[in-house]
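Visitor: I should like to understand how this protein chain is arranged. May we go through it step by step?

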Amino acid sequence: MARHVALLRGINVGGRNKLPMSELVALFEAVGCRSVRTYIQSGNVVFEGGSALGRRVVHDIPRLVEERFGFRVPVLVRSAKDIHGAIAANPFLQEPTDPTHLHIGFLAAAPGETAIESLDPERSSTDRFVVRGREVYLHVPGGMARTRLTTDYFDRRLGTTMTVRNWRTVTRLAEMVRL
């Protein structure tokens, strides 16, 4: 059994898309996931299962959430190896940086070069980003609430779906799926 992290976008944010974590765990168990645990209330789920199950979760969980709660949310899944690799590949760790300014945007699919080139590096003057594979690394000193580097911006420009997690959450999820 491999360990995986599922990242649900937009759960329990600003009073919208309310989903109790106990019920989210039950949905994951219903599709065959084992050892299901959540981290904080914003849609971070760690589970065990084969790689086929990891791929199936991205389709089954949004459907079940919609049937049970009446809204649809994107779900992205990363293996334990993927999460640890994403941490190691963070280009902003190469310089002295306050970790509270770091975030990772997880993408549903790796964008093409043309899409990446369409991104404006000056869009948010004090913020920086780097796209590597299925991740967007963000250095946002003013915080995610003030940046113009939003999920909607990246979704539109890259032609895929993104969900963002702060550095503390990413490193905690990596601990939960330790290799």
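Visitor: In what order do the four strands of the open sheet lie?

Guide: Please note that this is a predicted model. The pairing in this open sheet is antiparallel. Neighbouring strands are turned by 25° against each other on average, direction ignored. The edge strands, each pairing on one side only, are β2 (34–39) and β4. The order of the four strands is β2-β3-β1-β4.

Visitor: Which residue in β3 is the bridge partner of R34?

Guide: β2 and β3 pair in the antiparallel sense over four bridges. For R34, the bridge partner in β3 is E48.

Visitor: At about what angle does α1 run to β2?

Guide: Helix α1 lies across β1, β2 and β3. Another helix, α3 (residues 80–88), packs on the sheet and touches β1 and β4, its direction making about 85° with that of β4. For α1 and β2, the angle is about 150°.

Visitor: Which elements give two or more residues to the largest nonpolar core?

Guide: In soluble globular proteins, nonpolar side chains tend to be buried together. The largest nonpolar core here has 23 residues, and those touching the most other members are A6, L8, F28, C33, F47, V57 and I61. The elements giving two or more residues to this core are β1 (2–8), α1 (21–30), β3 (44–49), α2 (51–69) and β4 (75–79).

Visitor: How many residues are in the other core, which lies apart from this one?

Guide: Among the members of that separate core are V46, Y137, A174 and V177. Its number of residues is 20.

Terms used:
Residues are numbered from 1 along each chain as its sequence is written. This is a predicted model: local features need pLDDT of at least 70, side-chain atom pairs count only at pLDDT 80 or more; totals for chains, interfaces and linings use all residues. Side-chain values use heavy atoms; hydrogens and water are left out. A nonpolar core is a set of buried Ala, Val, Leu, Ile, Met, Phe, Trp, Tyr and Cys residues joined through side-chain atoms within 4.5 Å. Buried means under 20% relative accessible area, exposed over 50%, partly exposed in between (1.4 Å probe, protein chains only). Two strands pair if DSSP finds at least two bridges between them. Axes are lines fitted to C-alpha atoms, for helices over the stretch in contact, and angles run from 0 to 180 degrees between N-to-C directions. Contact means heavy atoms within 4.5 Å.
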